Amino acid sequence: MTTDAIRRVLCIDGGGIKGVFPASFLSTIEESIGRPVADYFDLIVGTSTGGIIALGLGLGLSANDLLNFYQERGPAIFNGNGKAGWVRQWFRAKYNPEPLRQSLSAAFGSRRLGESRKRLVIPSFNVETGEVHVWKTAHHPRLERDYMHSAVEVGLSTGAAPTYFPTYTALSGIPLIDGGVWANNPVAIAAVEAIGVLGWKASELRILSLGCTTTPFSIDWGRRHSLGKFGWATKVVDLFMTAQSVSATGMTQHLLPDRNNLVRISPTVGKNRFELDRVSEIPSLRGLGGFEGRKALPQLRPIFFESTVKEDFVPCHSLDVAK
C-alpha cells in the first residue's frame, strides 16, 4: 500500500501529571524528525491529560511546548499534592481548578476547538444524564456545535478527574467530568471514529497509542482470600482502568486486518512509582519519555514519520460563518 492511502492516528491516554511521559516521548521524536509531530497524523484523539496534549498539537503547539507546559505549570496545577488533609478530601475535590484554568488560558488563549488544524476527538462524561460527551472538530457535516467552544472549556471538561478536580460546568450548563471514567485509553474511540464516522478503511489505518506508563494490576493476597468492600475499595479504580485499557486495545486490534498496524507504547513501571499528581517525578517522567522515544524511533519512523499527511484538514463548518 502506498503512503498516499495510509491514514495515521495518534491516541494519548489520560494520567494527570504523567502526561509528561507522552509529551517527552513526542518531543524526542519531534527533535529527530525536524518537524511538528502533528504534521504526520490525520486524526488525534486524547483523554484528560492526553486531551490537553491533543488540543495543543491541533492548535499548533510543538510537543516541546507541551512538555514545557507540564514542567512549568504542573506544580501549580497540583499545588501541594493535597496537603490540606485527607479528611477534607472525603468531602471536597483535592485541588482547586483555577490554576488549571489559568494554565490552559495561558497556553491556548481565546482560541476555539474549530481553530485546530487537525481532526480532534476528546472524550468527557455528562454526569447529569450519565451519557458520554465527546468533543469533536467539524470533520463531519453533522458535527455542527463543538467547534465553536473554547479550547480551554474542552480541556477543563476532559481533565476534571473525579476526587482530584470538581465537576466542570460548561457554559451551556452541562456538568462534565474526565473522559477517563469510560475511555482513559481512547484507542477504540479513535478506531470507531476513523472507520465509522470518517469512512476510512480499516486496512488504511496506522495507529500510535501512547499510555502514561503502566502498572501491572494485582490484587495481592486477594487471589487466595475473598475480598470484601474494603479490600476492593482500594483496588477498584486500578481494576476498571486496567480492564478498560486492555479491552480498548483488544477491540482495536480486532478491527484492524493487521495487528501490527496498532503500535502501543506505555512502559511498565513499579507499583506506586508514579501517581496522577506526584509532581516531584516530573524529571523522571521526562527522562523516561526521552528514553522510550529514542528506543522506539527506528520502529516508528517507517510507519508514521516517513512523510507528512497528504491532504490538509478542511472542516465541514467554519468559524468564519459561526453565529
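Reader: What makes Asn272 partly exposed?

Author: The relative accessible area of Asn272 is 47%. Buried means under 20%, exposed means over 50%, and partly exposed is what lies in between (1.4 Å probe, protein chains only). At 47%, Asn272 sits between the two cut-offs, so it is partly exposed. This is a predicted model, in which local features need pLDDT of at least 70 and side-chain atom pairs count only at pLDDT 80 or more, while totals for chains, interfaces and linings use all residues. Residues are numbered from 1 along each chain as its sequence is written, and side-chain values use heavy atoms, with hydrogens and water left out.

Reader: Where is Asn272 in the chain?

Author: Look in the loop between β8 (262-265) and α11. Helices (H or I, at least four residues) and strands (E, at least two) are DSSP runs, numbered from the N terminus. The protein chain has 11 helices and eight strands in all. Asn272 also has a positive phi of about 65°, although it is not a glycine.

Reader: Which value does phi take in Ser48?

Author: Phi of Ser48 is near 55°, again a positive value in a residue other than glycine. Ser48 belongs to the loop between β2 and α2.

Reader: How do you know whether Ser48 is buried or exposed?

Author: Ser48 has 7% relative accessibility, so it falls under the cut-off and counts as buried. Over the whole protein chain of 323 residues, 53% count as buried.

Reader: What makes helix α2 mostly covered?

Author: α2 runs over residues 49-58, and 10 of its 10 residues are buried. Among them are Thr49, Ile52, Ile53 and Leu57. Just after α2 comes Gly60, with a positive phi of about 100°.

Reader: Why is the pair of Tyr40 and Phe305 called edge-to-face?

Author: The whole structure holds 10 aromatic pairs. In the pair of Tyr40 and Phe305, the rings lie 5.3 Å centre to centre with 75° between the planes. Rings of Phe, Tyr and Trp (its six-membered ring) pair if their centres lie within 6.5 Å; planes under 30 degrees apart count as stacked, over 60 as edge-to-face and the rest as tilted. With 5.3 Å and 75°, Tyr40 and Phe305 meet the rule for a pair and the rule for edge-to-face, so the name follows. The two are 265 residues apart: Tyr40 is in the loop between α1 (20-33) and β2 (43-46), and Phe305 is in the segment after α11 (282-304). Both are buried, and together with Phe41 and Phe304 they form one aromatic cluster.

Reader: How do you know what Cys212 is in contact with?

Author: Contact means heavy atoms within 4.5 Å. Leaving aside neighbours within four places in sequence, Cys212 is in contact with several residues, including Asp13, Lys18, Thr49 and Ser266. Cys212 is found in the loop between β7 (205-210) and α9 (229-233). At 2% relative accessibility, Cys212 is under the cut-off, so it counts as buried.

Reader: Which residues is Pro141 in contact with?

Author: Outside its neighbours within four places in sequence, Pro141 is in contact with Cys316 and His317. Pro141 and Cys316 are 175 residues apart along the chain, yet their C-alpha atoms are separated by 5.5 Å. Among contacts in the protein chain between residues at least 6 apart in sequence, 77% join residues at least 24 apart.

Reader: What makes a space in this structure a cavity, and how many are there of 30 Å³ or more?

Author: On a 1 Å grid over the protein atoms alone, a cavity is a set of points where a 1.4 Å probe fits but cannot get out; lining residues have an atom within 4 Å of a point. Grid points are joined across faces, edges and corners, and a volume is the space filled by probe spheres set on the points. By this rule there is one cavity of 30 Å³ or more. The largest cavity has a volume of about 150 Å³. Its lining has 17 residues, with Gly16, Thr49, Ile52, Phe78 and Phe165 nearest the centre. α3 gives the most to this lining, with four residues.

Conventions. On a 1 Å grid over the protein atoms alone, a cavity is a set of points where a 1.4 Å probe fits but cannot get out, and a pocket is an open set with protein on both sides within 12 Å along at least five of seven lines; lining residues have an atom within 4 Å of a point.
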